[in-house]
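User: Please take a close look at one part of this model. I would like one connected account, starting from a single residue and working outwards.

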Amino acid sequence: ASGPSKALVLHAADPTRALLGALLEAQWGVGPAHVEYDPHMGVARPNYLWAVGLTPFGPFSHETRLSFAYLDGARRARVYAVLEPVLERVHS
């Protein structure tokens, strides 16, 4: 037998998480950890096992703080953006 279930509450009046998630995706190319690409079907599929914790993505987290993985991904994307033109010049 499983424990008591809790109702899922969405806070639609507070756009903070949605804006943070949009900035992560648009500015730094960091996508939601709970979405995985299915190469056989050619589509992105949600895996809600990873939709909890310090993430602005997914319905199961109410956090506006970011985990190490998201911060590291954003920092890495910034470094790649700076290095890519340099490497392009070196190889040409």
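The part I have in mind is the surroundings of Thr55, which sits in the loop between β2 and α2. Which residues is Thr55 in contact with, leaving aside its neighbours within four places in sequence? Is Thr55 buried or exposed?

Analyst: A word on confidence comes before the details. This is a predicted model. The chain averages a pLDDT of 83, and 90% of the residues score at least 70. Among the elements of the chain, β2 has the highest mean pLDDT, at 91. The lowest mean belongs to α1, at 87. Where pLDDT is low, the predicted coordinates should not be read in detail.

Now to Thr55. The loop that holds Thr55 runs between β2 (43-46) and α2 (68-91). Thr55 is buried, because its relative accessibility is 2% and the cut-off for buried is under 20%. Its side chain has two polar partners to describe. One is the backbone nitrogen of Phe57, which the Thr55 side chain reaches at 3.1 Å. Another is the side chain of Tyr70, in a polar contact at 3.1 Å. Tyr70 also appears in the list of contacts made beyond four places in sequence. The others in that list are Arg17, Ser61, Glu63 and Arg65.

Arg17 leads to helix α1. Arg17 is one of the buried residues of α1, along with Gly21 and Leu24. These three cover an arc of only 60 degrees around the axis, so they lie on the same side of α1. What covers them includes α2. The face turned away from that buried side carries exposed residues: Ala18, Leu19, Ala26 and Gln27.

The geometry of α1 can be checked. The helix covers residues 16-28, which is 13 residues. At 1.5 Å a residue, α1 should span 18 Å. The C-alpha atoms at its ends are 17 Å apart, so the model agrees with the expected span. After α1 comes Gly29, with a positive phi near 70 degrees.

Next, α2, which is part of the cover over the buried residues of α1. Gly73 is found in α2. Gly73 counts as buried because its relative accessible area is 15%. Gly73 and Gly21 are 52 residues apart in sequence. In space, their C-alpha atoms are 13 Å apart.

α2 also holds a salt bridge, between Arg76 and Asp72. Their closest N and O atoms are 2.8 Å apart. The two residues are 4 places apart in the helix, so about one helical turn separates them. Arg76 is partly exposed, at 40% relative accessibility. Asp72 is partly exposed too, at 27%.

The structure holds 2 salt bridges. Arg45 and Asp38 also form one, with their side chains meeting at 3.1 Å, N to O. Here the burial differs between the partners: Arg45 is partly exposed at 37%, whereas Asp38 is buried at 17%.

To pull the picture together: Thr55 is a buried loop residue. Its contacts include Tyr70 and Arg17. Arg17 belongs to the buried side of α1, and α2 is among what covers the buried residues there.

Technical notes. Residues numbered from 1 in each chain as written. Predicted model: local features only at pLDDT ≥ 70, side-chain atom pairs only at ≥ 80, totals over all residues. Heavy atoms only, no water. Buried < 20%, exposed > 50% of the residue type's maximum accessible area, 1.4 Å probe, protein only. Polar contact = N/O pair within 3.5 Å; in protein donor to acceptor, adjacent residues only side chain to side chain. Contact = heavy atoms within 4.5 Å. Expected span 1.5 Å × (residues − 1). Arc of directions from axis to C-beta. pLDDT = per-residue confidence, 0-100. Salt bridge = Lys/Arg side-chain N within 4 Å of Asp/Glu carboxyl O.
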